Each structure stands twice: as structure tokens, then as C-alpha cells.
Amino acid sequence: MTPILKSFAALSDETRLMIVDQLIAEGELPAGDLAPGAGISAPAISRHLKVLREAGLVIQRAEGTRRLYSARPEGLRMIAEWTQSRRAFWEGSLDRLEAALMEDEA
């Protein structure tokens with residue numbers, strides 16, 4: 001599986017997307033502080049973090065006995081670049097849709 005596919009597969013899960021979003025918003029956090037309102041067990045959070053690490057979206061750092069997690073900018077940049085590379089397609093599609101709708105109104 002390509003890196004971009006791994007990234008999208010990892011983020012297709014609502015909990016993992018929420019974890020990455022929280023790390024982007026709040027910065028580096030211990031696993032226990034991630035998604036506290038989601039009602040997920042610590043082992044489940046660990047499994048989600050493993051998937052995110054393997055996809056290159058999250059990095060882990062040890063500080064004594066604690067494991068701290070943060071969003072990995074390079075992994076997120078890859079998604080942004082992929083999205084931007086398809087921007088012309090979407091803009092062209094929206095322009096054609098607008099033209100078709102205007103034609104229907106006339």
C-alpha cells in the first residue's frame with residue numbers, strides 16, 4: 001500500500017481522525033489525554049495510535065515512562081500536497097456544474 005493510501009485509510013476511522021485533529025490543535029500530548037470524550041479504553045487508543053504511527057501521521061517520543069504523541073507535519077503535508085494536486089480537476093468540475101446550472105435557468 002502506498003503512503004498516501006495508508007494515510008487516507010488511517011484517517012478514514014472517526015476516532016483516528018479525531019486524535020490527529022486534537023494533536024494538531026493542542027500539540028504534543030500523552031496517550032491518556034487523547035480523545036477523552038470518546039469513551040474509548042486505553043488499549044483501544046494505543047491500537048489507534050499504532051495505526052497512525054505506521055501511516056506516518058503521528059510520532060511518539062519517550063519522556064521517562066510516559067509516551068508523548070504529536071502530529072507529524074511531513075505526513076500531513078503529503079495529504080495537503082495530494083489534495084492540492086487535484087485542485088484543478090475539482091475547480092474545473094465546479095465551473096462546468098455552474099455553467100450547466102446557469103444554462104438550465106436560462
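Guide: A helix is a DSSP run of at least four residues, and helices are numbered from the N terminus. The model above is predicted. With that in mind, Leu97 can be placed in helix H5, which covers residues 87-105.

Visitor: Is Leu97 buried or exposed, or something between?

Guide: Partly exposed is the label for values between the cut-offs of 20% and 50%. Leu97 has a relative accessible area of 48%, so Leu97 is partly exposed.

Visitor: Which residues form a nonpolar patch on the surface?

Guide: Leu94, Leu97 and Leu101 do, and together they have about 300 Å² of accessible area.

Visitor: How do I read the way two helices pack? At what angle do H1 and H2 pack?

Guide: Look at the angle and at the distance between the axes. An angle of 65 to 115 degrees counts as roughly perpendicular. H1 and H2 pack at about 100°, and their axes are 6 Å apart. H1 is therefore roughly perpendicular to H2.

Visitor: Which residues meet there?

Guide: From H1 come Ala9, Ala10 and Leu11, and they meet Arg16, Leu17 and Val20 of H2.

Visitor: What is the angle between helix H1 and helix H4?

Guide: H1 spans residues 3-11 and H4 spans residues 73-85; the two pack at about 105° with axes 10 Å apart. So H1 is roughly perpendicular to H4. On the H1 side, the residues that meet H4 are Pro3, Ile4, Ser7, Phe8 and Leu11. On the H4 side they are Met78, Ile79 and Trp82.

Visitor: Ile79 is in that list. Is Ile79 buried or exposed?

Guide: Buried means under 20%. Ile79 sits in helix H4, and because the relative accessibility of Ile79 is 13%, Ile79 counts as buried.

Visitor: With its neighbours within four places in sequence left aside, which residues is Ile79 in contact with?

Guide: Ile79 is in contact with Ile4, Ser7, Phe8, Leu11 and Leu57. Distance along the sequence and distance in space are separate readings. For Ile79 and Arg66 the first is 13 residues, and the second is 29 Å from C-alpha to C-alpha.

Visitor: How far apart in space are Ile40 and Thr15?

Guide: Their C-alpha atoms are 9.0 Å apart, and in sequence the two residues are 25 apart. Ile40 lies in the loop between E1 and H3. Once neighbours within four places in sequence are set aside, Ile40 is in contact with Thr15 and Ile45. At 26% relative accessibility, Ile40 counts as partly exposed.

Visitor: At what angle do helix H2 and helix H3 cross?

Guide: They cross at roughly 75°, and the axes of H2 (residues 14-26) and H3 (residues 42-54) come within 10 Å. H2 is therefore roughly perpendicular to H3. H2 makes this contact through Thr15, Arg16, Ile19 and Val20, while H3 uses Ile45, His48, Leu49, Val51 and Leu52.

Visitor: Now the charged side chains. How many salt bridges does the structure hold?

Guide: A salt bridge is called when a side-chain nitrogen of Lys or Arg is within 4 Å of a carboxyl oxygen of Asp or Glu. The structure holds five. One of them joins Glu28 to Arg61, with the closest N and O atoms 2.8 Å apart.

Visitor: Where in the chain are Glu28 and Arg61?

Guide: Glu28 is in the loop between H2 and strand E1 (29-30), and Arg61 is in strand E2 (residues 58-63). The pair is 33 residues apart and links distant parts of the chain. Glu28 is partly exposed at 37% relative accessible area, and Arg61 is partly exposed at 36%.

Visitor: Which turn distance separates Glu54 and Lys50?

Guide: About one helical turn, because they are four residues apart in helix H3. Their side chains meet in a salt bridge, 3.9 Å from N to O. Glu54 counts as exposed at 51% relative accessibility, whereas Lys50 is partly exposed, at 44%.

Visitor: What is the N to O distance between Arg72 and Glu74?

Guide: It is 3.7 Å, and the side chains of Arg72 and Glu74 meet in a salt bridge. Arg72 is partly exposed with a relative accessible area of 29%. Glu74 counts as partly exposed at 44%.

Visitor: Which residues are joined into one network by salt bridges that share partners?

Guide: Glu28, Arg61, Glu63 and Arg66 are.

How values were computed:
Residues numbered from 1 in each chain as written. Predicted model: local features only at pLDDT ≥ 70, side-chain atom pairs only at ≥ 80, totals over all residues. Heavy atoms only, no water. Patch = residues over 30% accessible without salt bridge, like charges linked within 9 Å, V, L, I, M, F, W, Y side chains within 5 Å. Areas by Shrake-Rupley, 256 points an atom, 1.4 Å probe, with all protein chains shown as cover. Buried < 20%, exposed > 50% of the residue type's maximum accessible area, 1.4 Å probe, protein only. Axes fitted to C-alpha atoms, helices over the stretch in contact; angles between N-to-C directions. Parallel < 35°, antiparallel > 145°, perpendicular 65-115°, else oblique. Contact = heavy atoms within 4.5 Å.
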